[in-house]
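Notebook open, structure on screen. I want to look up how the strands pair and how the chains meet, and jot it down as I go.

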Amino acid sequence: MASEEEKIDIENDLEELEGIVEELEGEELELERSIELFEEGIDLAEEIQDGLSTAEVRLKRVIEESGLDLKVEDFDL
Amino acid sequence: MDKEGLGLFGDDSKPEEEEVYSVSQLNKEARHLLEKEFGSIWVEGEVSNLHVSSAGHNYFTLKEEDSEIDAVMFAGDAAGLDIELEDGKSVVVKGSLTVYERRGRYQLRAREVREVGEGELQKRFEELKKKLKKEGLFEESTKQKLPPFPESIGIITSPTGAAVRDIVSTIEERYTPVTGYVFPVKVQGEEAGGQIARAVRRANELKSELGLDVLIVSRGGGSLEDLWPFNEEEVARAIFGSELPVISGVGHEVDFTISDFVADVRVPTPTAAGKKVVPERAEITNRVDSLVKRLGNRLKTELRERQVELDRFRSSFGFRHPLRKLEDMIQDYDGLSEKLLATGSKTLGNRSDKLENLIERLSLANPTRLLQKGYSVTYSDDDQVIRDPGDVRTDESLKTVLYKGIIRSVVTETEVEDGE
């Protein structure tokens, strides 16, 4: 019943972005490779930004019915 | 023998052989005796004759039907009161027995006051705390770390209370890419403890189905009795057994419950639980920002290095033609990294195009590469780049720069293309 909406793994993206920066700052690279890394990095940054711009927290309510059936419904405060 | 002698002066004489106390001595010793004998005690009674001094000290009488004792609660202790003292209220007072020496009155120095019924609960609380502590349920080493970027948060609380609102609105202010799953339970009364414990266990069963990363058990402030479900053994054991890390945020700042001790993280209030459970958006944005800056700086450095190479090339071959393209490019680029995060994702659509363009221009601007391919540059005898045959005279000496060197030549004939 987990949400089908696409999830952005911010933690993972951040780690990858850090890895890229480290690689770029590391040893001498061909300019073409540097630009490639830059591009990848920007993609990740953009993805993280997208993830953070989610408008609001999704809120659900877990309902247990007698037969141990799990029901999750939207919940408004 | 002296005594007999003294007897001559009459029976009512002072018994000098027996110890004679001064009043102050007596009061002092009585005080020591009471303080030592009773230590810290709980006394139950009804408040009467309450009087609060201008300094904030509370003077009252604690009484039952046919017996009473003076009590005082000094301002410092009174500040920690979580109930209102008032005449007629039945309370349990924790304090020590002492003597007010100046008046020779013995009295209770109150340090804590609870409503009747709470004394018993307090006792049970202390006992359970001791027992669970001994079993190791509060050990630091059993505490789990909270996930830094949770995606799904289980919130075990009343669906109608203020706590759930406080938690969710606090999360929303900080970080929105999460789903909150509310497990509705009662948070006070007899059934509450069992429901909370069941919800903790159920949330763990649903861990993978709902993708849960962390749990919050919470309720707002209340009396010790209101908070009691969070002091029940079943709840403590359910929290201890939870594979999901548990944040306990129960009551107000000053309230501690058993679930606070056994949870992986204790926070003082529901709002604080919301703060604890998610990172702050701005923190991440700043981190991303600084990473993007580092990316950009590195690329800028490389582009500048490339320009230095070009400059060297240019001067070694006597180029006068200013190769401004690369400088322009760096400038183009300069704005790019700052703009990226500042302007949000819409304008980022153009980013790839911009970069491709950049790369293309870079390779075009690289004269070495062009010369390698067989292109060359020809200069007039006053070192101007020649673009138009009309610019040279017959018999003029020219210089042509090729990949591997220079050719000097003399013009014998020129032909201008048509259509210009």
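**Strand pairs and the mixed sheet**

I started in E8(B), where B:Val214 turns out to be the bridge partner of B:Ile153. That pair belongs to a parallel match between strand E6 (residues 152–157) and strand E8 (residues 214–219) of chain B, held by four bridges. Note to self before going on: this is a predicted model.

Next I traced the whole sheet around that pair. In what order do the seven strands of the open sheet come? I read E2(A)-E1(A)-E7(B)-E6(B)-E8(B)-E9(B)-E10(B), with mixed pairing. At the edges I found strand E2 (70–74) of chain A and strand E10 (265–267) of chain B, each paired on one side only. I also looked up the twist: neighbouring strands here are turned by 25 degrees against each other on average, with direction ignored.

Then the helices that pack on this sheet. H5(B) touches E1 of chain A as well as E6, E7 and E8 of chain B. I get about 160 degrees between the direction of H5(B) and that of E6(B). Helix H10 (residues 270–277) of chain B packs on the sheet too, and I noted E6, E8, strand E9 (246–250) and E10 of chain B as the strands it touches. The direction of H10(B) makes about 165 degrees with that of E8(B).

**Where the sheet crosses chains**

The sheet order put a chain A strand beside a chain B strand, E1(A) next to E7(B), and I went to that join. Strand E1 (residues 58–64) of chain A runs parallel to E7(B), and four bridges join the two. I picked out one residue pair: A:Arg58 has B:Thr179 as its bridge partner in E7(B).

**The chain B to chain A contact**

How many residues does each chain bring to the contact? I count 50 from chain B and 52 from chain A. The area buried between the two chains is about 4,800 Å², and carbon and sulfur atoms give 64% of that.

I then went through the charged pairs. Two salt bridges are counted between chain B and chain A. One links B:Arg294 to A:Glu25, with the closest N and O atoms 2.9 Å apart. The side chains of B:Arg287 and A:Glu18 also meet in a salt bridge, at 3.2 Å from N to O. For that pair I checked the elements: B:Arg287 sits in helix H11 of chain B, and A:Glu18 in helix H1 (residues 10–25) of chain A. Over all chains, the count of salt bridges is 21.

For polar contacts across the interface, I have 10 residue pairs, both partners at pLDDT 80 or more. Which elements of chain B supply at least two residues each to the side that touches chain A? My list is helix H5 (162–174), strand E7 (179–184), helix H7 (207–210), helix H11 (281–316), helix H12 (325–342) and helix H13 (351–365). H11(B) gives the largest share, 15 residues. By residue type, I split this side of chain B into 29 nonpolar, eight polar and 13 charged.

**Other strand pairs in chain B**

I moved on to strand E2 (residues 58–64) and strand E3 (residues 67–73) of chain B, which run antiparallel and are joined by seven bridges. A hairpin of two residues connects E2(B) to E3(B). B:Asn58 stands opposite B:Met73 in E3(B). E3(B) also pairs with strand E5 (residues 105–115) of chain B, in parallel and through three bridges. There I noted B:Leu108 in E5(B) as the bridge partner of B:Ala71.

**The three-stranded sheet**

Last stop: an open antiparallel sheet in chain B, in the order E11-E12-E13. Why is one side of E11 and of E13 left without a neighbour in the sheet? Strand E11 (377–379) and E13 stand at the edges and have a single partner strand each, so one side of each stays free of a neighbour. Here again the average turn between neighbouring strands comes out at 25 degrees, direction ignored.

E11(B) and E12(B) pair over three bridges in the antiparallel sense, and I found B:Val377 opposite B:Val401 in E12(B). Strand E12 (residues 397–402) and strand E13 (residues 405–410) of chain B are antiparallel over six bridges. Two residues make up the hairpin from E12(B) to E13(B), and B:Leu402 stands opposite B:Gly405 in E13(B).

Technical notes:
Residues numbered from 1 in each chain as written. Chains lettered and ligands numbered in written order. Predicted model: local features only at pLDDT ≥ 70, side-chain atom pairs only at ≥ 80, totals over all residues. Heavy atoms only, no water. Contact = heavy atoms within 4.5 Å. Buried area = accessible area lost by both parts, 1.4 Å probe. Salt bridge = Lys/Arg side-chain N within 4 Å of Asp/Glu carboxyl O. Polar contact = N/O pair within 3.5 Å; in protein donor to acceptor, adjacent residues only side chain to side chain. Nonpolar A, V, L, I, M, F, W, Y, C, P; charged D, E, K, R; others polar. Pairing = 2+ DSSP bridges. Axes fitted to C-alpha atoms, helices over the stretch in contact; angles between N-to-C directions.
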